[in-house]
Every structure is written in C-alpha cells, then in structure tokens.
Amino acid sequence: MRDENGSILPLIIGGCALALALILGVSSATSLYLERKRLLTIADGAALVAAQSFDTSIPPRLTTAGAMAPVLSPSSVVTGAQLYFANMPAQGSHSVLLVSATSPDARTATIRVRSQWQPPVISYFFPAGFALEATASARSVFAG
C-alpha cells in the first residue's frame, strides 16, 4: 500500500489521528462516567442528611402500618441539604449546585443537584461539555 513515491507516511499519519481520536474519546467517556457517579454520590449523601433532619417541633404521625413516624417539613429538608453542602470538602463541591430539596410526602427527602461537565481535553472531536443532573431520594425508617 505505498503511494507513487513509495511512502507509507499518509497511512501512519491517518493511523495516528485515529488512535488519538480513540484515546480522546475513551478519556472523555471515562471522565463523564466518573462525574456522573460523583454527582450521584453527592445527591445520595445530601438526601440521606435531609431525610434525617426532621423538625422535632412537629409531632410524629401515625403511618398505615400503625407505627409513629417523624414528619419532614420542606424547610427542614432544605436546611439539611444546605448543611450537607456546607460541610462538604471544597474540592468535591466546586461545581455542584443544589437545584431542589423537597419532601413530597413528609417522609421522603428528594434532592436534585446539577453540575457542568467538561471533557478533560477539549478537541475537535469533543469540543464542549454539558450540564448533568442527578436526583436522589431517602427516607428515614424507625423500627419500634
């Protein structure tokens, strides 16, 4: 497969370009996967703290199973999630935003977080990043 000059240089250059594109693609995919896992971990942690931050001034209510369960107020869920973010190490929270912290049924804390992902090497093949969101829910269960 030599050209008229007997050189295989175009094949070597093409192979190197293909290998470089493959390396950049794999590194970008790995970076995206790790950022998604990091965001899910942060959302899980914030949901767990928020689920355990029930307001003690609100009396517990009787559940359908006949047990008493504490009631989560929307303000206690937000406060718990904000407390989690305030106590996170700076390197872990540099680009993570708390989008919402709610309690749809007064027993479950639902947290939604957002982060901006950028590829490790911006190139012609992978020029821009995009926003990632993760949602996690947690519920405190008390055994009696």
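In this predicted model, Val 113 stands opposite Ala 134 in strand 5. On its other pairing, Val 113 of strand 4 has Leu 98 as its opposite residue. These two pairings introduce the strands with which the report begins; the helical surface and the aromatic rings follow.

**Strand 4 and its partners**

Strand 4 covers residues 108-117, and 7 of its 10 residues are buried, so this strand is largely enclosed by the rest of the structure. Strand 5, residues 130-139, runs antiparallel to strand 4 and is joined to it by 10 bridges. Strand 3, residues 96-102, also pairs with strand 4 in the antiparallel sense, here over 6 bridges. Within the pairing of strand 3 and strand 4, Ser 100 faces Arg 112 of strand 4, while Leu 98 faces Val 113.

Strand 3 and strand 4 form a hairpin with 5 residues between the strands. Ala 106 is placed in the loop that separates strand 3 from strand 4. The phi angle of Ala 106 is near 65°, a positive value in a residue other than glycine. Ala 106 has a relative accessible area of 17%; the limit for a buried residue is under 20%, and Ala 106 is therefore classed as buried.

**The chain as a whole**

The chain contains 2 helices and 5 strands. Read from the N terminus, its elements follow the order α-β-β-α-β-β-β. Of its 144 residues, 31% count as buried. The exposed area of the chain is about 9200 Å², with carbon and sulfur atoms supplying 65% of that area. Among contacts between residues at least 6 apart in sequence, 57% link residues that are at least 24 apart.

**A nonpolar patch on the surface**

Ile 8, Leu 9, Leu 11, Ile 12 and Ile 13 make up a nonpolar patch on the surface, and together they offer about 460 Å² of accessible area. One of these residues, Ile 13, belongs to helix 1, which comprises residues 9-51. Ile 13 has a relative accessible area of 52% and is exposed.

**Aromatic pairs**

A pair of aromatic rings is described by the distance of the centres and the angle of the planes. Across the whole structure, a search finds 2 aromatic pairs. In one, the rings of Tyr 84 and Phe 85 have centres 6.1 Å apart and planes at 85°, so the arrangement is edge-to-face. In the other, the rings of Trp 117 and Phe 130 have centres 5.3 Å apart and planes at 55°, so this pair is tilted. Trp 117 lies in strand 4 and Phe 130 in strand 5, so their pairing ties together parts that are 13 residues apart in sequence.

The burial of the four ring-bearing residues is listed below.

| Residue | Relative accessible area | Class |
|---|---|---|
| Tyr 84 | 22% | partly exposed |
| Phe 85 | 15% | buried |
| Trp 117 | 7% | buried |
| Phe 130 | 37% | partly exposed |

In the edge-to-face pair, Phe 85 is thus buried, whereas Tyr 84 is partly exposed. In the tilted pair, Trp 117 is buried and Phe 130 is partly exposed. The Trp 117 ring brings the description back to strand 4, the strand that is bridged to strand 5 and to strand 3.

Methods:
Residues are numbered from 1 along each chain as its sequence is written. This is a predicted model: local features need pLDDT of at least 70, side-chain atom pairs count only at pLDDT 80 or more; totals for chains, interfaces and linings use all residues. Side-chain values use heavy atoms; hydrogens and water are left out. Buried means under 20% relative accessible area, exposed over 50%, partly exposed in between (1.4 Å probe, protein chains only). Helices (H or I, at least four residues) and strands (E, at least two) are DSSP runs, numbered from the N terminus. Two strands pair if DSSP finds at least two bridges between them. Contact means heavy atoms within 4.5 Å. Accessible areas come from the Shrake-Rupley method with a 1.4 Å probe; for residues, only the protein chains shown count as cover. Patches are made of residues with over 30% relative accessible area and no salt bridge: like charges are joined within 9 Å, nonpolar side chains (Val, Leu, Ile, Met, Phe, Trp, Tyr) within 5 Å. A salt bridge is a side-chain nitrogen of Lys or Arg within 4 Å of a carboxyl oxygen of Asp or Glu. Rings of Phe, Tyr and Trp (its six-membered ring) pair if their centres lie within 6.5 Å; planes under 30 degrees apart count as stacked, over 60 as edge-to-face and the rest as tilted.
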